[in-house]
Amino acid sequence: MDAKAIQRSLERSGLRCTPQRFAVMAFLMEHSKHPTAAEIFEAVNRADPRSSRATTYNNLRALVQAGLVREVAAEGRAARFDVKGMRHHHFICDRCGTVEDMEWYDVPRPASVSLGKRILRESEIIFRGLCTKCAARHAGRPPE
């Protein structure tokens, strides 16, 4: 995604395109490894030392609330962030904490009776287990 496309996506979502917000979004567009907020801050701050930790975290929160970025939470570990683009699910490794994209497939919507008065915005599956590398170590074999 080029600079103009990032700017348009921010504006369509009702967010101002500040230099710091643009930098966070651009970093996430370039890195598909699901970085933590701290990793995003470090990278953005290296490029522009005027960017504070609080500004970076606030921008991440705004991007998540605007629906441009997804926060992937793993119990006991720092949340990771992912640009919402193509729909996909996630696999989180119990051992190393790696977050990997998984191919999307449609999940049936729950029956409205089971939702009660809740309003479902979206649903996503998070798979948990051992990634390829950790599974190979667990089995005593070198990773493939």
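Begin by selecting helix 3 (residues 37-47) and helix 4 (residues 53-65), whose crossing is right-handed, a crossing being called left-handed if the near helix is turned anticlockwise from the far one by less than a right angle, and right-handed if clockwise. Helices here are DSSP runs of H or I with at least four residues, strands are runs of E with at least two, and both are numbered from the N terminus. The model is a predicted one, in which local features need pLDDT of at least 70 and side-chain atom pairs count only at pLDDT 80 or more, whereas totals for chains, interfaces and linings use all residues. Residues are numbered from 1 along each chain as its sequence is written, and side-chain values use heavy atoms, with hydrogens and water left out.

Helix 3 and helix 4 pack at an angle of about 125°, with their axes 10 Å apart; axes are lines fitted to C-alpha atoms, for helices over the stretch in contact, and angles run from 0 to 180 degrees between N-to-C directions. That angle makes helix 3 oblique to helix 4, on a scale where under 35 degrees counts as roughly parallel, over 145 as roughly antiparallel, 65 to 115 as roughly perpendicular and the rest as oblique. Show the side chains of Ala37, Ala38, Ile40 and Phe41 on helix 3 and of Arg53, Thr56, Tyr57 and Leu60 on helix 4, since these residues make the contact, contact meaning heavy atoms within 4.5 Å. Coloured by class, this contact has 6 nonpolar, 1 polar and 1 charged residues, where Ala, Val, Leu, Ile, Met, Phe, Trp, Tyr, Cys and Pro count as nonpolar, Asp, Glu, Lys and Arg as charged, and the others, Gly among them, as polar.

Keep helix 3 selected and add helix 2 (residues 19-30), which packs against helix 3 at an angle of about 115°, with the axes 10 Å apart. Helix 2 and helix 3 are therefore roughly perpendicular to each other, and their crossing is right-handed. From helix 2 the contact takes in Ala23, Val24, Phe27 and Leu28, and from helix 3 Glu39, Ile40, Ala43 and Val44; by class these residues divide into 7 nonpolar, no polar and 1 charged.

Within helix 3, pick out Ala37, Ile40, Phe41, Ala43 and Val44, which are buried, buried meaning under 20% relative accessible area, exposed over 50% and partly exposed in between (1.4 Å probe, protein chains only). The buried residues of helix 3 pack against helix 2, helix 4 and strand 2 (80-83).

Now go to the loop between helix 2 and helix 3, where His34 is placed. His34 has a phi near 55°, a positive value in a residue other than glycine, and at 1% relative accessibility His34 counts as buried.

Next, move towards the N terminus and select helix 1 (residues 3-12), which packs against helix 2 at an angle of about 115°, with their axes 10 Å apart. Helix 1 passes helix 2 in a right-handed crossing. Ala3, Ile6, Ser9 and Leu10 of helix 1 meet Arg21, Phe22, Met25, Ala26 and Met29 of helix 2 in this contact, which by class has 7 nonpolar, 1 polar and 1 charged residues.

Leave the helices for the open sheet of 3 strands, whose order is 4-3-5 with mixed pairing; two strands pair if DSSP finds at least two bridges between them. Strand 4 (99-103) and strand 5 (126-129) stand at the edges, each with a single partner strand, so one side of each is left without a neighbour in the sheet. The twist averages 30° from one strand to the next. Strand 3 (residues 88-93) and strand 5 pair in the parallel sense over 4 bridges, and Cys93 can be found opposite Gly129 in strand 5.

Two loop positions remain. Trp104 lies in the loop between strand 4 and helix 5 (112-115) and, leaving aside its neighbours within four places in sequence, is in contact with Arg87, His88, His89 and Ser123. Gly67 is in the loop between helix 4 and strand 1 (69-72), where, at 32% relative accessibility, Gly67 counts as partly exposed.

Finally, zoom out to the protein chain, which comes to 6 helices and 5 strands, and whose C-alpha atoms fill a box of roughly 45 × 45 × 25 Å along the principal axes. Buried residues make up 34% of its 144 residues.
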